[in-house]
Amino acid sequence: MKVSKNSFLFWALALMLTVVLAACASEPNEGAADPETDEGEGTEAPAEAGGDLVIAQLSDVVSLDPAGSNDTPSSDVQANIYETLVVTDQDMELHPGLATEWNPIDDTTWEFKLREGVKFHDDTDFNAEVVKANLERILDPEVASPRAFLYDMITDIEVVDDYTVHITTEFPFAPLPAHLAHNGGGMVSLEAIEADYAAMEEGKDPGSYINENPTGTGYFKFDDRVPDQYVRLVRNDDYWDGTALLDSVTFKVVGEDLTRIAELETGDSHISNPLSPSDVSRVEATEGMHVHRQDSMSLSYIGFNLDKEPFDDVRVRQAISMAIDKSQIIDGIYDGVGVPAIGPLAPGTVGYDDTVSGLDHDIEKAKELLAEAGYEDGFSTTLWTNDNRERVDAATNVQAQLKEIGIDVEIEVLEWGTYLENTANGEHDMFVLGWSTVTGDADYGLYALFHSSQVGEPGNRTFLKDDELDELLDKARRETDEETRLALYHDVQEKLVELAPMLYIHHQQYLLGVRDEVKNLEQSPTQILQLKDVYIEQ
């Protein structure tokens, strides 16, 4: 077969991505020591390893169905129940998961060889038919998955034999293996999928059965859930790759930061997720506890609803972005933890461009832009956040800074599930939120957040709709030449500076408060806790 130069370069890029890329959700680092405790991942667990781990977390899960949500609290639990075809490690490199190998067989077709002998928690078999059913379900418009954008380039899933699948895409798409490492690609048992469709025929919502009966192949399996209180998982003793060490894991909803710290101190919980930067010194000063730190691929931002006045005027958006001194937020609220953000992509992401300049802090220019837009005397608006301590504090800081240019901001704090639903529906003015580029590739960090086809629940909660930007994003995800693709993403990032759909704050470092008896804990750069090798020292 004759191979063109562009095709050769594309598959060279594909090979690079297969080695380098990642997954708004998963991964492990063998042998790495925590600088705070000097205890490495490679230490062997004692024979009596086990225990019942309790994680005090800020928010409840939205769904236990991999196709049912795109939030981190849900992904954190799902990652322990379900497995993906491909997995990523701490360096965002790809490794075999439920697929043992994958290779492109032409410009638009990938072949995946599947792992044999894997059983679901309901004792049914994992095979090619299951893969086909899962991918077709997440793409089904009737299911309306907020994660469908991950796979919307797929046009065909062919079962070649019991353990071989061919996946065809509409255009050459090198990051496909990385997208299949995302939690949205978590494999659900075929029986659970069929039961969920049966429930839909009876008038129930998509995912209603799977949410109540989450059935994967993972090293933990679902045991119990009380909404707004906890989700409990127990060890899967029939796991195909060596069982987890813990007996159980309970994800316990504890909304107050200081209550989570108190639970750490009493031993009622073993991990505080997250840990506020303001509480780092308290944890470090307490015997029997330490701080776990993890660099991330995340972005914290304040978004504007472009479907509402006055945020439909780019001058207003630019003015607010220029009026905010981000250092006040990063240094004063996050205690300097994290990297200031110029745009949406974190350093290290494929496609990140450090030559792009953001909007500088310039309060006089901000006032001029407001006056040009007809708001010389300012205006009144609302700023939404969920009940995350740093986000509430950031909102309060922004409220004070915007007052200096005549903008009167009312802050509203919403419960997590309601917050996600209402911002997806466009009921907000301004909002504080975050995004993690969990594939390590610019397509995920830009397409879902800014393409007009992704407004609402998939990720574009600013309701940005720009034809030129859409064209750039579409070209970039289809481009087979690496240099051309990176040049397109440079243009995308420059265009986003101009459009100013959000104020980019910082790329944070994840912090956890951890009791010292918890061993072998890791957190991925995508924020997901890695729990298979964790145990509690007795």
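Me: Why is M92 called buried?

Reply: M92 has a relative accessible area of 7%, and the term buried is reserved for residues under 20%, with exposed meaning over 50% and partly exposed lying in between (1.4 Å probe, protein chains only), so M92 falls in the buried class. The structure is a predicted model, in which local features need pLDDT of at least 70 and side-chain atom pairs count only at pLDDT 80 or more, while totals for chains, interfaces and linings use all residues. Residues are numbered from 1 along each chain as its sequence is written, and side-chain values use heavy atoms, with hydrogens and water left out.

Me: What makes the phi of M92 worth noting?

Reply: The phi of M92 is near 65°, which is a positive value in a residue other than glycine. Most residues other than glycine have a negative phi. M92 lies in the loop between strand 2 (86–88) and strand 3 (94–96), where helices (H or I, at least four residues) and strands (E, at least two) are DSSP runs numbered from the N terminus.

Me: Is A144 buried or exposed, and how do you know?

Reply: A144 has a relative accessible area of 52%, and this value, set against the limit for exposed residues, places A144 in the exposed class. A144 also has a positive phi, near 55°, although it is a residue other than glycine, and its place is the loop between helix 3 (128–139) and strand 6.

Me: What makes strand 7 largely enclosed by the rest of the structure?

Reply: Six of the six residues of strand 7 (residues 164–169) are buried, and therefore the strand is largely enclosed by the rest of the structure. In a regular strand the side chains alternate between the two faces of the sheet. Both faces of strand 7 are covered, since T164, H166 and T168 on one side and V165, I167 and T169 on the other are all buried.

Me: How do you know that strand 7 pairs with strand 5 and with strand 6?

Reply: Two strands are said to pair if DSSP finds at least two bridges between them. Strand 5 and strand 7 run antiparallel and are joined by five bridges, with V165 of strand 7 as the bridge partner of F112. Strand 6 and strand 7 are likewise antiparallel, over six bridges, and here I154 stands opposite T169 in strand 7; a hairpin through two residues joins strand 6 to strand 7. Both counts therefore meet the pairing criterion.

Me: Why are strand 4 and strand 6 called edge strands?

Reply: Strand 4 (99–106) and strand 6 (154–161) each pair on one side only, in an open sheet of four strands with the order 4-5-7-6 and antiparallel pairing. The twist of this sheet averages 20° from one strand to the next, with axes taken as lines fitted to C-alpha atoms (for helices over the stretch in contact) and angles running from 0 to 180 degrees between N-to-C directions. Strand 4 is joined to strand 5 (residues 109–114) by six antiparallel bridges, and T109 in strand 5 is the bridge partner of D106.

Me: What makes the pairing of strand 13 with strand 18 antiparallel, and where does this pair belong?

Reply: Strand 13 (residues 298–304) and strand 18 (residues 502–507) run antiparallel and share four bridges, and S300 stands opposite H506 in strand 18. The two strands belong to an open sheet of six strands in the order 14-18-13-17-15-16, in which the pairing is mixed. The edge strands of this sheet are strand 14 (339–340) and strand 16 (407–414), each pairing on one side only.

Me: Which bond joins E309 and P310, and what is its omega?

Reply: The bond between E309 and P310 is a cis peptide bond with omega about 0°, and P310 is found in the loop between strand 13 and helix 9 (314–323). N273 and P274 are also joined by a cis peptide bond, with omega about 5°, and P274 is placed in the loop between strand 11 (271–273) and helix 8 (280–284). Most peptide bonds are trans.

Me: Why is the protein chain described as being as compact as a globular protein of its length?

Reply: The protein chain contains 16 helices and 23 strands. Its radius of gyration, taken over C-alpha atoms, is 23 Å, and the globule rule (2.2 Å times the number of residues to the power 0.38) gives 24 Å for 538 residues; the two values are close, so the chain is as compact as a globular protein of that length. Buried residues make up 59% of the 538 residues.
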